[in-house]
Amino acid sequence: MSEHAHDIALTVNGERVAARVEPRKTLVDFLREDLALTGSHVGCEHGVCGACTVRVNGAIVRGCLMLAVQCDGATVETIEGLSDSGEIADLQDAFRRRNALQCGYCTPGMILTAQDLLQHGGIPSRAAIRTHLSGNYCRCTGYHAIIDAIEAVARARAGESR
Amino acid sequence: MKIADDEPPILSALDRPNSYIGRSVPRPNITRLVQGRGQFVSDVVLPRMAHVAYVRSPHAHARILKIRTEAARRAAGVIAVVTGAELAAVMTPWVGVLTHLKGLKSAPQPPIAIDRACWQGEAVCAVVARTRAEAEDGVAQVEVDYEPLPAITDPETALDPATPVIHPSLGDNLCFERTLDVGRVDAAFAEADAVVEATFRFGRHTGVTLEPRAIVADWNEGEQKLTVYQGTQAPHMMQNLFAKHLGIAEQQVRVLTKDVGGSFGIKVHTYADEMATVALSKLLKRPVKFVADRVESFVTDIHARDHRVKARIGVKKDGTITAFEIDDLTGIGPYSVYPRTSGIEANQIVNLVGGPYACANYRARARVVFQNKNVMCQYRAVGHPIATAVTEGLVELAAARIGMDPLEIRRRNLIADDAYPAQSASGLKFEKLSHHQALAHLDAMMNYAGLRAEQKRLRERGIYRGIGFASFIEVTNPSAAFYGVGGARISSQDGATVKLDAQGNISVHTGVTEQGQGAEAVVAQVAATAFGVPIERVRVITGDTDNTPYGGGTWASRAAGIGGEAAWRAGVALRANVLAVAGAMLQARPEDLDIRSGIVVDRATGNERLSLEELARVVYFRPDTLPSGVQAELVATRHYVPRAWPFAFTNGVQASYLEVDIETGFVTLLKHWCVEDCGTVINPQLVDEQIRGGVVQGIGAALFEHCLYDERGQLLNGNMADYLVPMAAEMPDIECGHVASPTADSTLGAKGAGEAGTAGAPGAVMNAINDALRPLGAKPLTDMPFTPDKILRALGKV
């Protein structure tokens, strides 16, 4: 640990965390290596692929473009926390039943991004869903099934039957 | 949206009571992944684990004069700095050749370069440290003196006498050459009313798996055992190779493969840096982890395609195709990749060109030359996208030349559906294909006539839309003819072990692996059906060489067709074993009993006789109550390998509908269709998703993906900002349809489906672009990827 390490205190998935981190450590590396929250994945490390998407103070961010030291005092939520709280249970179930994932490496980031869109309410068009996901890379599915799953959840949340 | 278990069950001929064959059952292993609870190799942490980072050559070709490691050795957290010469004491080099690819040659490749680096990105030194960050700090402290050597980077001149030879011991830069001349090619071209020629180019591209390659090697000095956690498609193959090159027994090596973040052929090869990581663990007697970062992925994950194919087709006025001829040139890396070689893609192209058509005249030459660029090898649909785009590009150019509809020329030349068994001009043997039925299905599904009318209307308004097709054939379920006969220890057979536990549930241990395709689901469906239990009572175990039968893994679309069949046979065998015991317990003839929904029943009436739980209780805990001489065997293993046919060929046809903006050169994909025939469909949803994912990978090749090298062998766009991949916003919805021609080589009749999408999409998109631009007199586009600047050039606008 470098002598320039900083002390930070933050809330991660509702738990209060105090840690000493090097300034160069990214948020996603901090979550994965220091807190063993391995559900957030590292894909490109330069903000293109979206595999490291997490929620900070209510907004989704790239865990590879934010440093851990910037999260002092922040509230961070990851796929582990959102899974346990049940907030995204319907999205997870739709992804499972529609096979909207294959290898599953993009899926935590994809689901957090989908939830970010659906939180605004309404039933977005397929084109709008595609646009919202345009920063999340999936090599396996070709996206069609992901759009199907998100669209179905939007309709269900709006009270329409599937 | 269609949700899997809302669908009514469609039961096939393989139906038994509570059959899962032909049903879209959700994958049993998927819930952990949607919760972020998967276990990828990048997640693995072991006690005393160290991290390795590699010093990589900045030159495409250079002599290594001196490596100064002192400063790095003193850096904080650094455990060891190891050069190629030091690692050579632990691990032997390898040579990527196969004896059945006659004349294919390559040079010995070490895990870390020793005297010479042969491509930009080749590892020249390893730094092992407590953390990856400290290892990278150490890398920055290593100083290497290089003497740059000429970089061989143009395949067209690689064989010129004036061009330096990369490996002088090989004599020249030719890795492999194959020629073929079948029928009366010259006469057939002479008889043609039109001969259409074109040069097709395919940009070098790569897999871009979202999880980069990752490995944790753990040599236990006390046990003399190596445990390797690896994101691989072929654990048993890797077990063999680790043992062979460390000089230990296979029994001393366990390869564990849990979740793999994408593979597509990228993770089925031997990578020097992964071999080095294993050797470092043995050297340092502790676990060592290597996870490629994205920049490393671009310069070390195998690249593929990079072919230039000069091609021509002869056609008569009535549409009859008289001959095909191709000349393929491909520039691989400085080494043929081990153990599958870098000659297979060119070989496949020679095999597959013209494959859907009843045309007996075919001449081909393919040459594979060494280059000072990253290595090339097998990536999803190996050779198929190239062979299909060349064949289908020629067919549509020929149709345009003679003024015939592109579907009509196919109807007149595709091998007739009642002509099977049949053989292609190149000698491929087809058991049963369905080109015409697939074409008719596609025609109806896409409303071809309606789209043509729409296209015509919009052209009048200056909107240029195009419709393009690609018929294709696909190699699946490979027998030993693919690799085994060439001397590679790559298993074409696969095994499954089915065990009944003490609560009457079953586990299936299979040699095939899961990288997201749904192999575990398919194996569970098959085993549940064959044995007779609800799928919830089946647990599938994959990816562990200590605990699964020997097998090849998952590649070349073999998991369902080969691994599925092994699971079927093992499930049937265990059912027979269980019924033998049940017969003894119930004083009934085993043939009068059956297992349905986990209960032993009278076969004729379905009356329940005995639960599996009760049977297992008696067998395991009160065997004393069984009649004397009855010994239950509640474990069954069966293996399977295709024998009647070297490959189970599948077929299909794709269509692309798109719009070209003639001012900007941008292509908007409107819709894509694929009808394919993979024989018996075990899980329709999984098959469709294989197709859709494959189509989008093919679209990437057609429109975006290109590893751009300069003349010095420097990769110019090795990151995800500059190398474009298909993202959600640009991709179309993809509609799938099916024809089913089961193979008689297995009970299930399933063929593979993993390559079909990628095989056909680039050709279909190319043809659609050319269809859109044809009324504008544009020169046909045949140079993938079709970027806006190439389209504007074809239109003469820039």
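Select domain 1 and domain 2 of chain A: 14 residues of domain 1 are in contact with twelve residues of domain 2, where contact requires the C-beta atoms, placed from the backbone, of two residues to lie within 7 Å. In this predicted model, local features need pLDDT of at least 70 and side-chain atom pairs count only at pLDDT 80 or more, while totals for chains, interfaces and linings use all residues. Residues are numbered from 1 along each chain as its sequence is written, and chains are lettered from A and ligands numbered from 1 in the order in which they are written.

**The two domains of chain A**

To make the selection, use 6-82 for domain 1 and 88-157 for domain 2; such bounds come from an automatic or database domain assignment. The C-alpha centres of these domains of chain A lie 22 Å apart.

Next, colour β3 (53-56) and α2 (79-85) of chain A, which each supply at least two residues of the side of domain 1 that touches domain 2. Helices (H or I, at least four residues) and strands (E, at least two) are DSSP runs, numbered from the N terminus. β3(A) gives the most to this side of domain 1, with three residues. By class, this side of domain 1 has seven nonpolar, six polar and one charged residues. Here Ala, Val, Leu, Ile, Met, Phe, Trp, Tyr, Cys and Pro count as nonpolar, Asp, Glu, Lys and Arg as charged, and the others, Gly among them, as polar.

**Where chain A meets chain B**

Now show both chains: 45 residues of chain A are in contact with 47 residues of chain B. On the side of chain A, the elements giving two or more residues are α2, α3 (89-98), α4 (107-118), α5 (126-132) and α6 (144-157). That side of chain A divides into 19 nonpolar, 16 polar and ten charged residues.

**Chain B as a whole**

Hide chain A. Chain B contains 19 helices and 31 strands, and its C-alpha atoms fill a box of roughly 85 × 70 × 45 Å along the principal axes.

**A helix pair in chain B**

Finally, select α17 (684-703) and α18 (756-773) of chain B, which pack at an angle of about 40° with their axes 7 Å apart. Axes are lines fitted to C-alpha atoms, for helices over the stretch in contact, and angles run from 0 to 180 degrees between N-to-C directions. Residues that make the contact include I691(B) and V695(B) of α17(B), and A761(B) and V765(B) of α18(B). By class, this contact of α17(B) with α18(B) has eleven nonpolar, eight polar and one charged residues.
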